[in-house]
Structures are given as C-alpha cells and as structure tokens.
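Let's take a walk through this one together, starting at a loop and ending at the ligand. Have the model open and click along as you read.

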Amino acid sequence: MSFDFIRHDVKEQKANYRYRQLVCNSTTSQGKEIVFNGKSYLNFSSNDYLGLNNHVEINKALQEGADKFGVCASSSSLVTGYHYAHQALEEDICQWLNKAKCLLFSSGFTANLALFQALGKNEESHFYLDKLSHASMIDGAYHSKAKVKRFNHNNIEHLTKLLNSKTNFPNKLIASEGIFSMDGCQAKVLELAQVAKSNQAWLYLDDAHCIGVIGNEGQGSNYFADIDITMATMGKAIGTSGAFLTCDEDLHEYLVNFSRHYIYSTAISPAIAWATRKSISIIQKEHWRRDKISELSALFSELLSSEVELVVTQSSIHAIIIGDEKKALSISEYLKKQGIWLTAIRPPTVAINSSRLRVTICASHNAKDIKYLAECINKAIA
Ligand SMILES: Cc1ncc(COP(=O)(O)O)c(C=O)c1O
C-alpha cells in the first residue's frame with residue numbers, strides 16, 4: 001500500500017499515549033465556559049488571556065469593518081489587497097510599541113516562517129534560538145539557508161559562549177519567545193537585548209503569549225527593552241486573528257520585496273484588521289484585565305498543595321509538570337469529570353518525561369473558578 005507510514009505512525013502515536021484528535025467546540029458565546037458533546041466545562045486551556053473574544057465593541061467594529069471594506073481582502077497586499085484598515089492597524093501597532101514599521105501576516109506561524117526564511121538568505125546568517133522556541137521558529141530557521149544554533153533555555157551564559165565560539169559573522173540573529181508557551185516563563189529580555197547589542201546581533205522576540213498581558217499597556221517585551229524585531233499573533237490575548245511583525249524601515253522594505261510568505265498570500269481580512277484596532281485600544285486602556293490575571297494567578301499558586309509541581313510565572317500560563325504522558329492524560333480525564341477542561345500537553349510539544357497540565361488563567365475567570373480548579377487539582381495529584 002502507498003504511504004504505509006500513515007497508519008503505522010498513528011498506531012504508534014496511540015500506543016504512546018500521544019494520540020491527538022479534534023473535538024468540536026459547540027460553545028455559542030466564547031468565554032470561560034466551553035461546551036463539548038453537549039456538556040459544559042470551565043475552560044482553563046484557552047489563550048483568550050484578556051477575555052476579549054466576543055467583546056461587544058470588538059464585534060461591532062468587525063461588523064463596521066465588514067460594511068466598510070468587506071470581509072475579504074480579495075488579493076495579496078502587493079496587488080490590491082492592502083486596505084486602509086490594514087494601514088491604520090499597522091500605524092496603531094507602531095505607536096503602541098513605539099516602532100518604525102509593522103507588517104501584517106495571516107498567522108503567527110507564517111510570520112515566523114517568513115522572517116527566518118527572509119533573513120536566512122545564505123550561510124553568512126547565523127541564528128541563535130532558545131531551545132524552547134516555538135515549532136514555527138524552529139521550522140523557519142531550519143528551512144532557511146542560515147546556520148542554526150540552539151542555546152539552553154533562558155541561559156545567557158550558553159548563548160554568549162555560542163556567540164563567542166565563531167569567527168565574526170556579519171549577520172547574527174538571537175531569537176526567543178517573550179513568554180514561553182509551554183511553561184509561561186519570561187525571557188530575560190534586558191539581558192538578551194544587551195548581549196545582542198554587544199555582539200552586533202539583532203534580537204527577535206516572538207511575543208505570542210506576551211502581547212496584551214505584559215507591560216503597563218500590554219506592549220509585551222517592548223515594555224522592557226527596545227526589541228529589534230517583534231512578532232505577535234493576534235489570535236491570543238488580542239482576541240482576533242492573524243499576526244504582526246514590527247521592525248525598522250529597511251527590514252520592512254526587504255520583507256515587502258522578498259518575503260515569499262508575504263508576497264504570495266492574500267492579505268488578512270480588512271474587517272478583522274478593523275476589529276483588531278478596537279481590541280488594541282481596549283487593551284491599552286483596561287488595565288484591570290492584566291491586574292486580574294496577576295491576582296488570580298497568585299491565588300492559584302497559594303491554594304495548590306505543596307505536592308503539586310507548579311512552574312511559578314508572571315504570565316497567564318501556569319504549567320503543572322506531571323512527567324508521564326499516561327498520568328497527565330488520566331488527570332486531564334479526571335478533571336473533565338469534575339467539569340474542568342484542561343488539556344494534557346505531551347511530547348513532541350514538550351520534552352519527553354515533561355508532560356504537563358498547562359493552565360491558562362484569564363481575565364474572564366473569577367476567584368470561585370480558581371478555588372474550584374485548585375481543589376480539583378489537589379485531589380487529583382496530592
Ligand atoms: C509562541 C508561538 N508563536 C507562534 C504561534 C503561532 O501563532 P498563530 O496561532 O497565529 O499561527 C503560536 C501558537 O499558536 C505560539 O504559541
């Protein structure tokens with residue numbers, strides 16, 4: 001039979017407790033409740049960190065954007081797809097993050113592929129990636145023509161050693177996530193920026209889990225330092241869809257001219273771009289959303305039994321390390337029976353023997369939800 005590996009690999013995935021399957025979410029209004037197969041659960045696996053999905057003003061802006069510009073861009077940006085909605089959103093983002101230029105992409109995954117492939121033009125480019133970088137950064141880097149090195153997670157010493165171990169190459173890019181997706185820890189942004197500067201390297205941060213949540217106006221990593229290139233998805237805290245990349249004028253011009261992912265793809269929906277402007281203005285003003293995440297996160301950590309191995313963070317993401325895939329799955333199943341939706345994260349998403357429950361605490365949760373979650377986790381683990 002052709003492509004025999006298909007059945008074989010799926011069978012092996014099942015045997016290893018790594019099997020994944022789609023479950024249709026039949027929730028009608030997104031929030032902290034989620035409905036699967038007619039049963040309602042308290043959702044602790046959502047990336048809607050600020051609780052902005054289905055916000056009435058953002059929905060209204062989406063409708064307004066659709067009426068003004070249409071739902072579809074109907075072309076790639078360089079043909080006729082670049083609308084006023086896109087331009088206005090890019091300008092808002094530049095002001096928000098204090099950056100010269102911004103470019104929109106259909107997803108964070110694509111933006112990462114685009115950036116690494118554009119900068120990895122040949123072997124003169126050297127990329128230094130944190131070991132826990134997202135799959136899309138790794139794919140982008142390794143599919144480029146650059147030389148790729150991985151430094152130990154958040155380990156500035158190791159990064160410095162790698163930078164010093166090579167004769168001086170002209171094009172060096174240090175890359176990390178701002179907040180790491182699977183453990184919620186923050187990158188050492190200031191130190192990375194200093195190392196980049198002293199080694200004439202550029203710093204690239206993927207702020208997918210940082211934007212909106214960190215910084216006095218939710219600016220993410222740029223709140224702490226002036227990051228050369230930042231990417232953030234709009235499908236998490238921002239509550240819309242797509243992604244943006246900020247950079248200087250020269251790189252912007254280069255990407256517009258040479259990035260295949262940008263050039264040969266339909267521009268994002270102008271209606272969504274319009275809605276995203278509204279979302280960003282709410283993010284800048286409504287500080288209570290970030291404060292609530294911090295308060296509820298502190299409460300969660302306080303209520304967990306000492307036997308629960310929690311990674312303590314300043315973000316919305318709180319990982320409880322279980323280790324074994326089978327055990328992580330069975331705890332996740334137990335929690336489902338208690339009405340809690342908490343997906344077990346297993347290899348290859350995380351390293352072998354580090355399967356975990358990835359709890360996300362959002363501004364839409366309240367103290368009662370957190371108390372119930374902690375009580376159920378304590379019962380399941382302790
Ligand atoms: C760190 C990180 N970067 C990039 C992405 C991809 O972004 P998008 O969902 O917009 O493709 C994700 C997750 O979805 C992510 O967690």
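Start with Pro348, which sits in the loop between strand 12 (344–345) and strand 13. Helices here are DSSP runs of H or I with at least four residues, strands are E runs of at least two, and both are numbered from the N terminus. The peptide bond leading from Pro347 into Pro348 is cis, with omega near 10°.

A word on ground rules before going on: this is a predicted model, where local features need pLDDT of at least 70 and side-chain atom pairs count only at pLDDT 80 or more, while totals for chains, interfaces and linings use all residues. Residues are numbered from 1 along each chain as its sequence is written, and side-chain values use heavy atoms, with hydrogens and water left out.

Another backbone oddity is Phe3, which has a positive phi of about 50° even though it is not a glycine. You'll find Phe3 in the segment before helix 1 (5–15).

Now zoom out. The domain assignment (bounds come from an automatic or database assignment) splits the chain into domain 1, made of 10–43 + 287–381, and domain 2, covering 56–285. Their C-alpha centres are 27 Å apart. Where the two touch, domain 1 puts in 16 residues and domain 2 puts in 19, with contact meaning heavy atoms within 4.5 Å.

How much area is buried between domain 1 and domain 2? About 1,200 Å², with carbon and sulfur atoms giving 59% of it; buried area is the accessible area (1.4 Å probe) that two parts lose on being put together, summed over both. On the domain 1 side, His287, Arg290 and Ile317 lose the most area to domain 2, together 43% of what that side buries.

What holds polar company across this interface? The search turns up 9 residue pairs in polar contact, both at pLDDT 80 or more. A polar contact is a pair of N or O atoms within 3.5 Å; within protein, one must be able to donate a hydrogen and the other to accept it, and residues adjacent in sequence count only if both atoms are side-chain atoms. Helix 12 (287–303), strand 10 (317–323) and strand 13 (355–360) each supply at least two residues of the domain 1 side that touches domain 2. Helix 12 gives the largest share, 4 residues.

Salt bridges (a side-chain nitrogen of Lys or Arg within 4 Å of a carboxyl oxygen of Asp or Glu) number 0 across the interface, but the whole structure has 9. In one of them, Lys32 pairs with Asp369, the closest N and O atoms being 2.9 Å apart.

Finally, the ligand. Of the 13 residues around it (a heavy atom within 4 Å), Gly108, Asp206, His209, Thr233 and Lys236 come nearest. An N or O atom in the His209 side chain is 2.6 Å from a ligand oxygen atom. For Thr233, a polar side-chain atom lies 2.8 Å from an oxygen atom of the ligand, and an N or O atom in the Lys236 side chain is also 2.8 Å from a ligand oxygen.
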